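Work through the exercises below with the sequence and the model side by side. Try each task before reading its solution.

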Amino acid sequence: MKKSKASLVTSLALLVILCAHPLVHAQPGGKHIEVTASKFSFAPATITVKKGEPVTLVLSSTDVTHGLRIRELGVDVKVNKGKSTEATFTPDQTGDFVGHCSNFCGAGHGGMALTVHVVD
């Protein structure tokens with residue numbers, strides 16, 4: 001009887017862990033947001049995060065080397081074609097913060113921006 005009870009407890013614990021696993025990239029230590037860079041835009045171009053909540057941006061590039069710099073949030077990363085990289089930050093103030101591609105990627109480079117809305 002003890003074996004089946006222990007097995008049941010183990011199965012229930014595994015079920016709880018699997019059900020609690022987030023399907024929307026939220027992590028216990030914060031939020032993961034995937035951003036794709038390509039000539040000459042970021043997708044999504046706008047993201048919303050919460051003040052005080054850790055955020056990990058997972059930046060990938062489809063075509064050439066790109067960068068992302070958001071000075072006010074302390075983000076400054078570079079990503080090569082076909083690769084991805086992560087930048088983690090915790091916003092400490094609300095507002096809109098605009099990041100730009102920090103690696104020249106062609107004629108439309110100057111208009112390549114990502115807006116981060118930080119809310120309470």
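Accessible areas come from the Shrake-Rupley method with a 1.4 Å probe; for residues, only the protein chains shown count as cover. By this method the chain has an accessible surface of about 7,500 Å², and 57% of that belongs to carbon and sulfur atoms.

This is a predicted model: local features need pLDDT of at least 70, side-chain atom pairs count only at pLDDT 80 or more, and totals for chains, interfaces and linings use all residues. Residues are numbered from 1 along each chain as its sequence is written, and side-chain values use heavy atoms, with hydrogens and water left out.

**Exercise 1. Judge the confidence of the model.**

Start with the score. pLDDT is the predictor's confidence in each residue, from 0 to 100. The chain averages 85, and 76% of the residues score at least 70.

Next, find the weak stretch. Over residues 8-27 pLDDT stays under 50. The model has five contacts (heavy atoms within 4.5 Å) beyond four places in sequence for this stretch.

Now apply the rule. Where pLDDT is low, the predicted coordinates should not be read in detail.

**Exercise 2. Lay out the fold.**

Count the elements. Helices (H or I, at least four residues) and strands (E, at least two) are DSSP runs, numbered from the N terminus. The chain has one helix and ten strands. Their order from the N terminus is α-β-β-β-β-β-β-β-β-β-β.

Then check contact range. Take contacts between residues at least 6 apart in sequence: 59% of them join residues at least 24 apart.

**Exercise 3. Place β5 among its partners.**

Two strands pair if DSSP finds at least two bridges between them. β2 and β5 run parallel, joined by seven bridges. Glu34 stands opposite Val58 of β5.

Turn to β8. Its pairing with β5 is antiparallel, over six bridges. Here Leu59 has Thr85 as its bridge partner.

Last, test the cover. Buried means under 20% relative accessible area, exposed over 50%, partly exposed in between (1.4 Å probe, protein chains only). Six of the seven residues of β5 are buried. Across the 120 residues of the chain, the buried share is 29%.

**Exercise 4. Trace the largest nonpolar core.**

Define it. A nonpolar core is a set of buried Ala, Val, Leu, Ile, Met, Phe, Trp, Tyr and Cys residues joined through side-chain atoms within 4.5 Å. The largest one has 24 residues; Phe42, Leu57, Leu59, Leu68, Ile70 and Val116 have the most contacts inside it. Elements giving two or more residues include β2 (30-38), β5 (55-61), β6 (66-70) and β10 (113-119).

Zoom in on Leu68. Beyond four places in sequence, Leu68 touches residues including Phe42, Leu57, Leu59, Val77 and Leu114.

**Exercise 5. Find the cis peptide bonds.**

Recall the background. Most peptide bonds are trans.

Inspect omega. The bond from Lys39 to Phe40 is cis, with omega near 0°. Phe40 sits in the loop between β2 and β3 (41-43). A cis bond also joins Ala43 and Pro44, with omega about 0°. Pro44 belongs to the loop between β3 and β4.

**Exercise 6. Is each loop residue, His109 and Gly82, buried or exposed?**

Take His109, in the loop between β9 (95-100) and β10. His109 is buried because its relative accessible area is 16%. Its contacts beyond four places include Phe40, Cys101 and Phe104.

Take Gly82, in the loop between β7 and β8. Gly82 counts as exposed because its relative accessibility is 64%. Gly82 and Thr62 lie 20 residues apart in sequence, with 5.4 Å between their C-alpha atoms.
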